[in-house]
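Colleague: I am new to this structure and would like to go through it with you. Could we begin once it is on the screen?

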Amino acid sequence: MIENLRERLKIPTARLKAINDILVEPNMEAIANFLDVVSKYGTPEEINAKAKQAASLTALLERVRQTRPEYLTDLQWLQQQADEGAFVSIADYRQNVLGNKAKSLTFDDKYAVTLEISACQYFPWIIAAARRAIAQQSLMPGRFIQVRQMKEQETDGDLPAIAAAMQIIGASFVVTLDTKGTDGSNVHLGGAETIAGYFGGVGQPNDRALLWLDEYLYYYTNYGIRQVLNLNPGTVLLGYLLHRLGVDIEFKISVFMGNDNPYAALWTLLGAKLFSRDDGSSPLIGFNWSNSVNNETIEITSQFRQALDFEQQVRFEHHITETWKGIVRQPYNRRDELMELAKCVPNISAKHEGGDPDIERMRQHPSDIFDYFRDKQEIIASGDWEHLTLNFLDKFDALNKTALALTEQGLSVLAAGNLHLLERKHSANLRLTTYT
C-alpha cells in the first residue's frame with residue numbers, strides 16, 4: 001500500500017509545460033521586469049567578463065589604493081606571512097593536538113568540516129585574527145560571512161580589501177546586500193528590529209526583490225562579488241533564474257529563511273534542481289539551518305541532497321555558537337552535536353557567530369546581533385570599537401575550539417587553504433608588489 005501511495009506523488013513531466021509557458025511568455029510582467037534589470041548590465045557573458053576583471057587581485061588593489069592605501073601594507077604583510085609559511089600546516093597542527101597519535105590516524109577528507117566565522121565586518125579584524133593565528137599556531141577560517149552595510153564598506157575601502165584578503169588566504173566569503181528588511185522596505189517596522197520580520201518572509205516586499213537583483217549585479221560587475229546571502233523566497237527564485245540565464249551568481253540562504261525541518265529543506269533543494277543548468281550546477285551553494293534543528297533533521301536531508309546530486313555543491317551551514325544577545329536563548333553551543341554529525345554527513349560548515357557561552361557571559365559588551373546594523377562611525381564614537389573587535393576574536397577562539405575538538409576525534413577540517421597547507425612549504429602564487 002505504501003508503494004501505491006508513493007506512485008501518487010509522481011509529477012507528470014507534462015506539468016513542466018505550465019512552468020515553461022510562464023518563463024517564456026513575452027507579456028508575463030514578472031519575468032519581463034527581471035530581464036529588464038539584467039539587461040542594464042549587458043548580456044550574461046558580458047556580465048561575467050566584467051565580474052572576472054573586477055575580481056582580479058590587481059583591480060581590487062587599485063580599489064584599495066584609491067580608498068584606503070594604508071591597507072596595502074597590511075595586505076602585503078598577510079601575503080608575506082603566507083609565503084614564508086608563518087601559519088601552521090595541517091600536518092603540524094594535528095601533531096600539536098594529537099602528538100605521535102596523529103601519524104597513525106587516517107583523516108577522511110570526505111567529511112571535512114569547513115571552519116566558518118560570522119560576521120567579519122571590518123578588514124582590520126582579519127589582520128587581528130591572522131596575528132593571533134600565527135602567535136597561537138591556530139587556524140584561520142575557511143569561510144567568512146559579512147553582514148555589514150555594503151555602501152559603507154565600499155566608501156571606506158573595506159570591501160575591496162576584504163575581497164583581496166580572501167584571495168590571499170584562500171577562503172570563501174559571503175556578503176549581505178543592503179536590500180533587506182532593515183533598509184526600511186517594510187513600512188510597518190523600523191530599524192534593525194525588522195529582523196524579526198524575516199521569519200514571516202517580509203524582509204524584501206514589493207519591488208525590493210528587483211532592487212536586490214540590481215544591487216547584486218552592481219557589486220558583481222564592479223567588485224567581482226559572487227557569493228551573497230539570500231533571505232527571501234523571491235530573491236532565491238531570482239538567483240535561480242539569473243544563474244539559469246548564464247550569470248555565475250552564487251548564494252547561500254540565511255537562517256532567517258527558516259529551513260527548520262527536512263521538508264523545508266526538500267522544497268529549497270527541489271527548486272535548485274528544477275532551475276539547475278544542463279551541467280547540473282546551481283547557484284545555491286549552501287544554506288543555514290535554523291538554530292532549532294537537530295542532528296536527525298540534517299541526516300535525513302543529507303539523503304535527498306545526495307539523491308539530487310548536490311552533496312558537493314550545497315553546503316549545510318550549521319550554527320555552533322550564536323551571538324550572546326538578540327537571537328537565541330543562551331547558553332547555546334552545538335559543538336558536541338557536531339562531533340557526531342561530522343562523522344556521517346559530508347559538506348558541513350561549523351558556523352561560529354558568537355564566543356563560547358562561558359566567555360560571552362563575562363564580557364562587558366557581549367556579542368549582539370544588533371551590532372551588525374550599526375554605523376561604523378557611531379560604533380567608534382560610542383567607544384565600542386574595541387568591544388566589537390574582542391567579540392570577533394572570541395568567535396575566532398570558539399572556532400578554534402571546534403577545530404581542536406574535531407581533530408581530537410580524528411576528523412578533518414577545512415581552514416584557509418592558502419595559509420594552512422597539508423604540509424608546510426613555500427607558496428608564492430600571489431604577489432602584492434603593484435602598489436607598495
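**Helices and cavities**

Modeller: At the start of α13, the backbone nitrogen of Tyr-263 has a side-chain oxygen of Asn-261 within 2.9 Å. Please keep in mind that this is a predicted model.

Colleague: How many residues does helix α13 have, and what should they span?

Modeller: Helix α13 covers residues 262-274, which is 13 residues. At 1.5 Å a residue they should span 18 Å, and the end C-alpha atoms are 18 Å apart, so the two values agree.

Colleague: Which residues of α13 are buried?

Modeller: They are Pro-262, Ala-265, Thr-268, Leu-269, Gly-271 and Ala-272.

Colleague: And what covers them?

Modeller: The cover includes two helices, α12 (233-245) and α14 (295-307), together with the strands β5 (250-253) and β6 (284-288).

Colleague: Let us turn to α11. How far does that helix reach?

Modeller: Helix α11, residues 208-223, reaches 22 Å from its first C-alpha to its last, close to the 22 Å expected for its 16 residues. Its buried residues include Trp-212, Leu-213, Tyr-216, Leu-217, Tyr-219 and Tyr-220. Charged residues are buried there too, among them Asp-214 and Glu-215.

Colleague: What comes just after α11?

Modeller: Gly-224 does, and Gly-224 takes a positive phi of about 70°.

Colleague: A different topic: is Ala-161 buried or exposed?

Modeller: Ala-161 counts as buried because its relative accessibility is 0%, and buried means under 20%. Ala-161 belongs to helix α10, residues 158-169.

Colleague: Which residues is Ala-161 in contact with, leaving aside its neighbours within four places in sequence?

Modeller: Those contacts are Val-64, Tyr-71, Leu-75 and Phe-123.

Colleague: Now the empty space. How many cavities of 30 Å³ or more does a search of the whole structure find?

Modeller: The search finds 5 of them. The largest holds about 200 Å³ of space. Its lining has 21 residues, and Val-147, Leu-229, Ser-254, Phe-256 and Glu-353 lie nearest the centre.

Colleague: What classes of residue make up that lining?

Modeller: The lining of the largest cavity has 12 nonpolar, 5 polar and 4 charged residues.

Colleague: What about the second largest cavity?

Modeller: The second largest cavity holds about 110 Å³. It is lined by 13 residues, with Trp-125, Asp-371, Tyr-372, Leu-388 and Lys-395 closest to its centre. By class, this lining divides into 6 nonpolar, 4 polar and 3 charged residues.

Colleague: Which helix gives the largest share of that lining?

Modeller: Helix α18, residues 385-408, gives the largest share, with 4 residues.

Note on methods
Residues are numbered from 1 along each chain as its sequence is written. This is a predicted model: local features need pLDDT of at least 70, side-chain atom pairs count only at pLDDT 80 or more; totals for chains, interfaces and linings use all residues. Side-chain values use heavy atoms; hydrogens and water are left out. On a 1 Å grid over the protein atoms alone, a cavity is a set of points where a 1.4 Å probe fits but cannot get out, and a pocket is an open set with protein on both sides within 12 Å along at least five of seven lines; lining residues have an atom within 4 Å of a point. Grid points are joined across faces, edges and corners, and a volume is the space filled by probe spheres set on the points. Ala, Val, Leu, Ile, Met, Phe, Trp, Tyr, Cys and Pro count as nonpolar, Asp, Glu, Lys and Arg as charged, and the others, Gly among them, as polar. The expected span of a helix is 1.5 Å times one less than its number of residues. Buried means under 20% relative accessible area, exposed over 50%, partly exposed in between (1.4 Å probe, protein chains only). Contact means heavy atoms within 4.5 Å. A polar contact is a pair of N or O atoms within 3.5 Å; within protein, one must be able to donate a hydrogen and the other to accept it, and residues adjacent in sequence count only if both atoms are side-chain atoms.
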